[in-house]
Amino acid sequence: MEAARAGEQGRGFAVVAEEVRKLAEQSAGSASKISDLISMIREQMQKAVASMAQVKNEVSEGMVVATQAETSFAHIQRSVGDVVVQIQAVSGSAQRVAGSMEDIVQSVATIREVAREIAAGTQNVSAATEEQLASMEEIASSALALSKMSEELQKIVSNFRY
């Protein structure tokens, strides 16, 4: 009101005061908006920090799982190595058995050939034995005939002596 009394200068002062008041209101509104933005940024940062903490925990758990997987893979690799060694041993044994089987097959073939020869020899011996048996029967028959002849001759000779 004093400004109105002051006249022209007062009006200028009132205009400036009104502008200052408007600027103050705008500054207060901007400050409120900035405060709201800062609160919102704080909330977002808190969420980001919580999210980062969760990600950190998940990464730590992932590292534990990866370490366990690495240990499992190392165990599997050792087991596969052991199986390879066992397969090689079995393969070597199978090759030795196959070699032994070839020797056995050759031995069986040799035994079969010897058995054939023995069978042929046995047949020859059997035939010779049959021939000898027939000869012995002939000799026995001849001996019997000679024995009868000898008896007859003795009878005849005994007739001449008396």
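**Group meeting: a helix and its salt bridges**

Hi everyone, let's start with one pair: Glu113 and Arg116 form a salt bridge, with 3.8 Å between the closest N and O atoms. By salt bridge I mean a side-chain nitrogen of Lys or Arg within 4 Å of a carboxyl oxygen of Asp or Glu. Please keep in mind that this is a predicted model, where local features need pLDDT of at least 70, side-chain atom pairs count only at pLDDT 80 or more, and totals for chains, interfaces and linings use all residues. Residues are numbered from 1 along each chain as its sequence is written, and side-chain values use heavy atoms, leaving out hydrogens and water.

Both Glu113 and Arg116 sit in helix H2, three residues apart, about one turn of the helix. Helices here are DSSP runs of H or I with at least four residues, strands are runs of E with at least two, and numbering goes from the N terminus. Glu113 is partly exposed at 39% relative accessible area, while Arg116 is exposed at 52%. The cut-offs are under 20% for buried, over 50% for exposed and partly exposed in between, with a 1.4 Å probe and protein chains only.

How many salt bridges does the structure hold? There are three. Arg21 takes part in a salt bridge with Glu18, at 2.0 Å between the closest N and O atoms, and in another with Glu25, at 2.5 Å from N to O. Shared partners thus join Glu18, Arg21 and Glu25 into one network. Along helix H2, Glu18 lies three residues from Arg21, and Glu25 lies four residues from Arg21, again about one helical turn. The network's members are partly exposed: Glu18 at 31%, Arg21 at 37% and Glu25 at 48%.

Now for the overall picture. The protein has two helices and zero strands. Its radius of gyration, taken over C-alpha atoms, is 66 Å, well over the 15 Å that the globule rule gives for 162 residues, so the protein is more spread out than a compact globule. That rule is 2.2 Å times the number of residues to the power 0.38. Along the principal axes, the C-alpha atoms fill a box of roughly 220 × 20 × 20 Å. Of the 162 residues, 1% count as buried.

One last stop is helix H2, residues 8–161, which is also the place of Ile41. Ile41 is partly exposed, at 46% relative accessibility. Thanks, everyone!
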